[in-house]
Amino acid sequence: MRKVIIAGNWKMNKTLSESIELANLIKRSLYDMTEIEVVICPPYTSLSDVSEIVRDSAVKLGAQDVHWEKEGAFTGEVSCSMLKSVGCEYVIIGHSERRQFFGETNETVNKKAKAALAAGLRPIVCVGEKLGEREEGKTFDVVKDHVENSLAGLSKDEMLRVVIAYEPVWAIGTGVNATKEQAEEVHAYIRRLLKKKYDDSTARLVRIQYGGSVKPDNISQLIGQEDVDGALVGGASLKADSFIDIVKGCLK
Ligand code: PGA
């Protein structure tokens, strides 16, 4: 069975003191939440302190990006071993905001995913179409391109450690979430791609999160879909109450 995974992507929000406050509230409520995997992804500047807060609780730590090189003259970048050294278990890679504003491509996502896996981090790899692409009927083509090329060359064992986040770009931060049918259709398609590339058991084990305007009032519909295994939450992860409600909304 696939364990539901809810990850909070704080994006470029929360100073250190704000991060500490939010992490403490989340931990207080979810420290023993073992039915659902809970991950919070603060900005780099807060990782170390948040790590201390969630240590010895069920809440896990993730980063929002990483560089593929091990070390060296790459001003502004952060390596996998640096993330590991502050207690990260997960790292979001290829978020649409990075693809859109920071030149991220399938090729760089692939390098980052491989580096993360080699370092023992679990990548949350984001895929998803823009509004225009959906309107032109290209959703499946775009998702196929993202899945196949961002995850190129991964062994079966590596693939099993990856979480895929399907995030239609038109649903991110807009308040317009994909309907449960729209989400399920693409999640099932991604699983078929994995079956073709690997095998049935691999396809059935890889977790596929939905992301894009997930809120406490739509999570239960989305999580009720057969191929939706969790959520990557942006805006609603910035307040403890809404994030906790989303996690609890996944309990059957
Ligand atoms: P949102 O963001 O929940 O604010 O739509 C989701 C994401 O970008 O991961």
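Ser 46 sits in helix α2, which covers residues 44-54. In this predicted model, Ser 46 comes out as fully tucked away by the numbers: its relative accessible area is 0%, so it counts as buried. Setting aside residues up to four places away in sequence, Ser 46 touches Lys 14, Thr 15, Leu 16 and Ser 19.

Asp 49 belongs to helix α2 as well, but its side of the story reads differently on accessibility. With a relative accessible area of 33%, Asp 49 is partly exposed, because buried would require a value under 20%. Once neighbours within four places in sequence are left out, the contacts of Asp 49 are Leu 16 and Ile 20. As for Glu 133, that residue lies 84 positions from Asp 49 along the chain, and the two C-alpha atoms are separated by 40 Å.

Both Ser 46 and Asp 49 take part in the packing of α2 against helix α1. Helix α1 spans residues 16-30, and its axis is 9 Å from that of α2, at an angle of about 30 degrees. The two helices are therefore roughly parallel to each other, given that angles under 35 degrees fall in that class. Their crossing is right-handed. On the α1 side, the contact is built from Leu 16, Ser 19, Ile 20, Ala 23, Asn 24 and Lys 27, while α2 brings in Thr 45, Ser 46, Asp 49, Val 50, Ile 53 and Val 54. Sorted by class, the α1 contact with α2 contains six nonpolar, four polar and two charged residues.

The loop that leads from β1 (5-9) into α1 has some backbone angles to note. Lys 11 is located in this loop and, although not a glycine, has a positive phi of about 50 degrees. Lys 14 lies in the loop between β1 and α1 too, and here the phi is again positive, at about 85 degrees, in a residue that is not a glycine. Lys 14 is also one of the residues touched by Ser 46. Its own relative accessible area is 25%, so Lys 14 counts as partly exposed.

A second helix pair involves α5 (residues 106-118) and α7 (residues 139-150), whose axes come within 8 Å and cross at roughly 40 degrees. That makes α5 and α7 oblique to each other, because the roughly parallel class stops short of 35 degrees. The crossing of α5 and α7 is right-handed. Helix α5 supplies Asn 106, Val 109, Asn 110 and Ala 113, which meet Asp 145, His 146, Asn 149 and Ser 150 of α7. By class, the residues of this α5 contact with α7 split into two nonpolar, five polar and one charged.

Turning to the cysteines, the structure holds zero disulfides. For Cys 88, the closest cysteine sulfur is that of Cys 41, and at 7.8 Å it is too far for a bond, since a disulfide calls for sulfur atoms within 2.5 Å. Cys 126 is in no disulfide either, with 9.6 Å to its nearest cysteine sulfur, which is again that of Cys 41. Cys 88 counts as buried, with 6% relative accessibility. Cys 126 is likewise buried, its relative accessible area being 2%.

Terms used
Residues numbered from 1 in each chain as written. Predicted model: local features only at pLDDT ≥ 70, side-chain atom pairs only at ≥ 80, totals over all residues. Heavy atoms only, no water. Axes fitted to C-alpha atoms, helices over the stretch in contact; angles between N-to-C directions. Helix = DSSP H or I, 4+ residues; strand = E, 2+ residues; numbered from the N terminus. Parallel < 35°, antiparallel > 145°, perpendicular 65-115°, else oblique. Left-handed = near helix turned anticlockwise from the far one by under 90°. Contact = heavy atoms within 4.5 Å. Nonpolar A, V, L, I, M, F, W, Y, C, P; charged D, E, K, R; others polar. Buried < 20%, exposed > 50% of the residue type's maximum accessible area, 1.4 Å probe, protein only.
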